[in-house]
Amino acid sequence: MASALINVPKRAKRGEIIEIKTLMSHIMETGYRHTATGEVVPRDIITSFVCRYNGVEIFHADLFPAIAANPFITFFTVATESGKFDFEWIGDKGFAETASASILVE
Amino acid sequence: MRTLEQTSRRRFLGLAGSTAVLGAIPIVTVRPAEATPAMLATAIRNVVGEAPVRIGKVKLDVPPLVENGNTVPMTVSVQNPMTANDYVKSIHVFNEKNPQPNVGNFYLGPHAGRAQISTRIRLADSQKIVAIARLSDDSFWSTSVDVVVTLAACTEEVI
């Protein structure tokens with residue numbers, strides 16, 4: 001159900017600064033909303049996001065209910081060698097999703 | 001006769017106005033607890049500890065007038081060379097009036113190349129947003145931006 005959108009350049013020059021864009025489909029229920037009958041809708045958010053480049057962590061983020069639904073996060077890194085980016089999202093109610101993208105560095 | 005009628009109408013309107021004001025107070029107190037400036041200060045202290053936070057180096061890009069608080073694009077960038085010895089360790093974003101003062105913590109490193117992150121956030125009210133960057137020498141730099149929100153997020157009913 002959950003799906004990720006990843007945007008990483010397919011190829012880059014060695015040492016080039018590249019932008020990585022990620023989007024994970026998720027409701028990000030804040031836990032502060034009520035139904036019409038007054039019950040609190042329980043919190044259901046993604047709490048952490050990690051990006052690894054060839055197994056080495058290059059970026060991670062702690063997310064809070066103030067992050068909008070379908071968390072969209074972009075950041076930068078230096079293209080050092082060809083390989084793989086692994087992305088991981090972890091959240092409430094046992095939410096865990098991964099995605100990956102490969103890059104060719106010339 | 002006429003003056004009496006006018007007085008009573010004026011008095012009636014005056015009374016109606018004051019009851020309306022009185023009636024508004026309970027509505028305000030019933031609303032979900034907002035993060036207060038004190039909670040914002042506590043949240044910031046939890047991150048920076050006793051270290052001084054200086055103004056500067058950080059740039060926070062948020063539209064000054066937001067129509068829909070449910071998704072507000074935000075970019076934080078830090079003026080930094082991002083070398084092995086001088087880089088941004090992390091970027092922390094806080095808000096003043098959402099139910100919770102934290103927005104997000106973003107951890108970078110010397111390999112980031114450029115100290116810049118973007119995401120989309122929720123804003124429950126017109127308020128101040130604070131971004132703080134921690135550099136590799138453990139100094140803290142901050143900036144804040146005031147945002148006006150016309151449609152608030154977070155507290156609406158689920159239909």
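**Strand architecture and chain contact in a predicted two-chain model**

Chain B contains 2 helices and 10 strands. The model is predicted. From the N terminus, the elements of chain B run α-α-β-β-β-β-β-β-β-β-β-β. Both helices therefore precede the strands in this order. Chain B has 159 residues, and buried residues make up 34% of them. Contacts in chain B often span long stretches of sequence: among those between residues at least 6 apart, 70% join residues at least 24 apart.

Chain A is built on strands, with 0 helices and 9 strands. Its pattern along the sequence is β-β-β-β-β-β-β-β-β. The C-alpha trace of chain A spans about 60 × 20 × 20 Å along its principal axes. Of its 106 residues, 31% count as buried. Among contacts in chain A with a separation of 6 or more, 58% come from residues 24 or more positions apart.

The contact between the chains draws on 31 residues from chain B and 27 residues from chain A. On the side of chain B that touches chain A, the elements giving two or more residues are β6 (102-107), β7 (116-121) and β10 (157-158) of chain B. The residues on this side of chain B divide into 11 nonpolar, 15 polar and 5 charged.

Strand pairing also links the chains. Strand β7 (residues 72-78) of chain A pairs with β7(B) in the antiparallel sense, over 2 bridges. Within β7(B), B:S118 stands opposite A:T74. Strands of a sheet pair through backbone hydrogen bonds, either parallel or antiparallel.

This pairing belongs to an open sheet of 6 strands. The order is β1(A)-β3(A)-β7(A)-β7(B)-β4(B)-β2(B), and the pairing is antiparallel. At the edges stand β1 (4-7) of chain A and β2 (58-61) of chain B. Each has a single partner strand, so one side of each is left without a neighbour in the sheet. The twist averages 15 degrees from one strand to the next. At the chain A edge, β1(A) is joined by 4 bridges to strand β3 (residues 17-24) of chain A, and the two run antiparallel. Here A:N7 stands opposite A:K21 in β3(A).

Further pairing within chain A involves strand β8 (residues 83-91). This strand runs antiparallel to strand β5 (residues 46-53) of chain A, and 7 bridges join the two. A:I90 in β8(A) is the bridge partner of A:S48. β8(A) also pairs with strand β9 (residues 96-105) of chain A, in the antiparallel sense and over 8 bridges. In this pair, A:D86 stands opposite A:S100 in β9(A). β8(A) and β9(A) form a hairpin with 4 residues between them. In the turn, A:K93 has a positive phi of about 55 degrees.

In chain B, B:T150 illustrates a contact across the sequence. This residue lies in strand β9 (residues 140-151) of chain B. B:T150 counts as exposed because 10 C-beta neighbours lie inside 10 Å, and the cut-off for an exposed residue is 12 or fewer. Leaving aside residues up to four places away in sequence, B:T150 touches B:V66 and B:E67. B:T150 and B:V66 are 84 residues apart in sequence, yet 6.3 Å apart in space, C-alpha to C-alpha.

How values were computed: Residues are numbered from 1 along each chain as its sequence is written. Chains are lettered from A and ligands numbered from 1 in the order in which they are written. This is a predicted model: local features need pLDDT of at least 70, side-chain atom pairs count only at pLDDT 80 or more; totals for chains, interfaces and linings use all residues. A residue is buried if 20 or more other C-beta atoms lie within 10 Å of its own, exposed if 12 or fewer, and partly exposed in between; C-beta atoms are placed from the backbone. Two residues are in contact if their C-beta atoms, placed from the backbone, lie within 7 Å. Ala, Val, Leu, Ile, Met, Phe, Trp, Tyr, Cys and Pro count as nonpolar, Asp, Glu, Lys and Arg as charged, and the others, Gly among them, as polar. Two strands pair if DSSP finds at least two bridges between them. Axes are lines fitted to C-alpha atoms, for helices over the stretch in contact, and angles run from 0 to 180 degrees between N-to-C directions.
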